[in-house]
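Subject: Structure handover

Hello,

Here is the structure you are taking over. Please open it before you read on, since the notes refer to residues by number.

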Amino acid sequence: MNRNLPLKFGQLLCLAACFSSAAAWAEKADRTQPITIEADSANLDQQKGQMVYEGNVILTQGSLLLKASKIVATDKGNGQQQATAVGSPAYFKQRLDAKDGQAAEWVEGQAKRIDYDSSSEEVRLVEQARIKRGQDSAVGHSITYHGKTEVFQVNGGGKNGRVTVILQPKSKP
């Protein structure tokens, strides 16, 4: 792979780090860390503005770990990117910034497909979606996190599709 890629493709690599649905809460220090992507192959299509990583893809940046069979990241222009990670399942884990004097927590999630769209700041886990933050968790067919509104949506699938959400009681100050 050519090491002298245009800046926008460097930005595409950074995009992959945004896959975590906790990107809004992720450790700020992670954003300044180098990104390492390991894969069996990497392909760049400058005409489409697209990077494709395939085969046991492992992306790390600071505390972020993302594992997938394939990652496709596309520059849509005007600073907007989209990315998709697929796997059986695709998996991520990232430490969150500590809040209100509490210890830092980890968020981890998995699904057969994880989509990210920078223009809507939306992360979507699709098919057998699971996400866990500390002791709280959600399971459903799909889980969507809207970064602009900080709203999660968990959907069931199939005829009897149901969701499961477990929230721990808040400790009193």
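The notes below go from the overall layout to the hairpins, then to two single residues and a pocket.

Overall layout

Please keep in mind that this is a predicted model. The protein has one helix and 10 strands. The helix comes at the start of the pattern, which reads α-β-β-β-β-β-β-β-β-β-β along the sequence. Of the 173 residues in the protein, 34% are buried. If you take the contacts between residues at least 6 apart in sequence, 45% of them join residues at least 24 apart.

Hairpins

Three pairs of strands are described here. The strands β3 (50-61) and β4 (64-77) run antiparallel and are joined by 10 bridges. One position to look at is Y53, whose bridge partner in β4 is I71. The hairpin of β3 and β4 has two residues between the strands, and G62 takes a positive phi near 60° there.

β4 also pairs with strand β5 (residues 80-95): 10 bridges join these strands, which run antiparallel. Here A73 has A83 in β5 as its bridge partner. Two residues lie between β4 and β5 in their hairpin, and N78 in the turn has a positive phi of about 55°.

The third pair is β8 and β9, which are antiparallel and joined by five bridges. Y145 is found opposite F152 in β9. This hairpin has four residues between the strands, and E150 is the residue with a positive phi near 55°.

Two buried residues

Where is S63 found? It sits in the loop between β3 and β4. S63 has a relative accessible area of 12%, and because the cut-off for buried is under 20%, S63 counts as buried. The side chain of S63 reaches the backbone nitrogen of R95, at 3.1 Å.

G109 is placed in strand β6 (residues 106-117). Is G109 buried or exposed? Its relative accessible area is 4%, so G109 is buried. Which residues does G109 touch, not counting residues up to four places away in sequence? They are A90, Y91, F92, L125, R130 and I131. With I131 the C-alpha to C-alpha distance is 4.1 Å, although G109 and I131 are 22 residues apart in sequence.

Largest pocket

Rolling a probe the size of a water molecule over the atoms shows where empty space is left. The largest pocket in this model has a volume of about 740 Å³. It is lined by 28 residues, and those closest to its centre are E105, R133, G134, D136 and K170. Which elements give two or more residues to the lining? These are β7 (122-133), β8 (136-146) and β9 (151-155). The pairing of β8 with β9 was described above, so you can go from that hairpin to the pocket in the viewer.

By class, the lining of the largest pocket has 13 nonpolar residues, six polar residues and nine charged residues.

Regards

Conventions. Residues are numbered from 1 along each chain as its sequence is written. This is a predicted model: local features need pLDDT of at least 70, side-chain atom pairs count only at pLDDT 80 or more; totals for chains, interfaces and linings use all residues. Side-chain values use heavy atoms; hydrogens and water are left out. Buried means under 20% relative accessible area, exposed over 50%, partly exposed in between (1.4 Å probe, protein chains only). A polar contact is a pair of N or O atoms within 3.5 Å; within protein, one must be able to donate a hydrogen and the other to accept it, and residues adjacent in sequence count only if both atoms are side-chain atoms. On a 1 Å grid over the protein atoms alone, a cavity is a set of points where a 1.4 Å probe fits but cannot get out, and a pocket is an open set with protein on both sides within 12 Å along at least five of seven lines; lining residues have an atom within 4 Å of a point. Grid points are joined across faces, edges and corners, and a volume is the space filled by probe spheres set on the points. Ala, Val, Leu, Ile, Met, Phe, Trp, Tyr, Cys and Pro count as nonpolar, Asp, Glu, Lys and Arg as charged, and the others, Gly among them, as polar. Contact means heavy atoms within 4.5 Å. Two strands pair if DSSP finds at least two bridges between them.
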